[in-house]
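Thank you all for coming; I would like to walk you through one structure today, and I will take it slowly for anyone who is meeting it here. Please have the sequence and the model open while I talk.

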Amino acid sequence: MNTATISNVQEVNFDGLVGPTHNYSGLAVGNVASMSHGGLVSSPKEGALQGLLKMKSLMDAGYAQGVLPPQQRPDIGALRDLGFSGSNREVLTCAAKEAPQLLRAVCSASSMWTANAGTITPSMDAPDSRVHFTPANLQSSFHRYLEPQTTGRVLQAIFRDERHFAHHPVLPATPAFSDEGAANHTRLCGEYGEPGVHLFVYGRQAFGDVRSGEREPKRYPARQTLEASQAVARQHGLTASQTVFAQQHPDAIDAGVFHNDVIAVGNGPVLLYHEMAFLDEEGTLDELRSKMATPLIPVRVPVEAVSMEDAVASYLFNSQLLSNPDGTMTLVVPGECQEREAVWRTIQDYLLAGNNPISEVMVKDVKQSMRNGGGPACLRLRVALSEAERAALTGRVLLTDALYDDLTAWVNRHYRDRLAPDDLADPQLAEESLVALDELTQLLKIGPVYPFQLG
């Protein structure tokens, strides 16, 4: 573990581009928004432009912003592995007829939620002073289980310099090591360049005796295991003094809180959370306080102020909490927060007026993502990088005005305005997607990362 502060460290939010096959298939069990919007007509173009506009507005406000490409979809290779054969057209036609649920899964654009891409440890916390990456196995759902291989190639293509970056294998894709990435991981610290404490939140324990007081959800599955969180911490060389493992409240999971980032968000020394976030709330806070070098600033929202229903519907806690140069913080919330009176009142009268660093709220329209169950925080992977590490990035992935313009034009050239579930069997959609992704890798200058580019 490093003890020295590293200067010129910025947190870069790498947002996932919404893919050309963005659709509403209701695939995510336990994700209330995804399940309730299944079957609706989506707009891939609108979704991608909404995401890009959010990135651009944060860049304009002075926050470092990066871009990650979507996955290759439909994943026809996955259908072939499952026994479908013939031309691409024949594979798609047969899957649509015999197993439409599989076709919907291999067309999912869920990689837009890059909070699930993996878990990151910055160099100031790692024993070898490198940034460490572990792609999440996402084994709890088939449509997301298809992502890690390409995710790993993308991360290795961008964070390529071995002097600065270290990449670890995906954990075994078994229920015991179910890993959902940074959506269940929060780094708390003083300044970004100071050593931090890593809060890993899990839903269940796979091996051994259940810890005292632990219980599991009854309605929806717990996606993250304690064993997965511990394994990632070991991969990254994190010690007991740098980690806190806390169980997510099972009642929250049963209410639709499928990841911890739907019920809590942390930044610097601030932990904004709902009182139902952790099974052992006081024990979690006490352990964080004992291990953090900087005093923890807990911002607790009681159920009397925001019900679990309002928390899940508004995605208040799936917001981005960003640091400003003057020591204040900005909360980036989805537009749905304004539509819930109790939530908007809590933001104005409790968060902004409270004794905490949150001084500003920014409202962003990401409805295309929200209807599938992903808010502003789901759309980004946080990577704290020093000046040297930012300079070592490969490709054209840090957002600039020119890159924003190029990506916007790319979306307008290649994306459809409307996409119904029945359209997923259209072979032309598959061809359109490949053409778009091939052009995108050239635009981002990251080289070949997709199966069709690798042969």
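**A walk through the model**

Let me begin with a residue that will return later: Lys367 is partly exposed, at a relative accessible area of 27%. Before I go further, please keep in mind that what we are looking at is a predicted model.

I will turn first to the interior. The largest nonpolar core has 93 residues, and the residues with the most contacts inside it are Phe159 and Leu407. If we set aside the neighbours within four places in sequence, Leu407 is in contact with residues that include Leu17, Leu52 and Val67, and also Leu399, Leu440, Leu443 and Leu444. There is also a second, separate core, which has 17 residues, among them Leu79, Phe84, Leu419 and Ala425.

At the surface, Leu82, Phe142 and Tyr145 form a nonpolar patch that has about 280 Å² of accessible area together. Within that patch, Phe142 lies in helix H6, residues 142–145, and Phe142 counts as partly exposed, with a relative accessible area of 31%.

Now to the charged side chains. How many salt bridges does the structure hold? The number is 24, and I will show you three of them.

In one of these, the side chains of Glu11 and Arg382 meet with a distance of 2.9 Å from N to O. This pair links distant parts of the chain, for Glu11 is in strand S1 (residues 10–16) and Arg382 is in strand S15 (residues 380–385), 371 residues apart. Is Glu11 buried or exposed? At 12% relative accessibility, Glu11 counts as buried.

Another salt bridge joins Asp401 and Lys56, whose closest N and O atoms are 3.6 Å apart. Here too distant parts of the chain are linked, with Asp401 in helix H16 (residues 401–414) and Lys56 in helix H2 (residues 44–60), 345 residues apart. Asp401 is partly exposed at 43% relative accessibility, whereas Lys56 is buried at 16%. These two residues, together with Asp60, are linked in a network of salt bridges.

That brings me back to Lys367, which forms a salt bridge with Glu339, the closest N and O atoms being 3.9 Å apart. Lys367 sits in helix H14 (residues 367–370) and Glu339 in helix H12 (residues 336–339), so that this pair, 28 residues apart, again links distant parts of the chain. Glu339 counts as exposed, at 56% relative accessibility.

What about the cysteines? The structure holds zero disulfides. Cys107 shows why no bond is drawn there, because its sulfur is 15 Å from the closest cysteine sulfur, in Cys94, which is too far for a bond. Cys107 is buried, at 0% relative accessibility, and Cys189 is buried as well, with a relative accessible area of 3%.

Finally, a few points about the backbone. The peptide bond from Arg73 to Pro74 is cis, with omega near 0 degrees, and Pro74 is placed in the loop between strand S2 (65–68) and helix H3 (76–81). Ser129, although it is not a glycine, has a positive phi of about 60 degrees; this residue is in the loop between strand S3 (118–121) and strand S4 (131–135), and it is partly exposed at 39%. Leu138, also not a glycine, has a positive phi of about 50 degrees and is found in the loop between S4 and H6, where it counts as buried, at 2% relative accessibility.

Key. Residues numbered from 1 in each chain as written. Predicted model: local features only at pLDDT ≥ 70, side-chain atom pairs only at ≥ 80, totals over all residues. Heavy atoms only, no water. Core = buried A, V, L, I, M, F, W, Y, C linked by side-chain atoms within 4.5 Å. Buried < 20%, exposed > 50% of the residue type's maximum accessible area, 1.4 Å probe, protein only. Contact = heavy atoms within 4.5 Å. Patch = residues over 30% accessible without salt bridge, like charges linked within 9 Å, V, L, I, M, F, W, Y side chains within 5 Å. Areas by Shrake-Rupley, 256 points an atom, 1.4 Å probe, with all protein chains shown as cover. Salt bridge = Lys/Arg side-chain N within 4 Å of Asp/Glu carboxyl O. Helix = DSSP H or I, 4+ residues; strand = E, 2+ residues; numbered from the N terminus. Disulfide = S-S within 2.5 Å.
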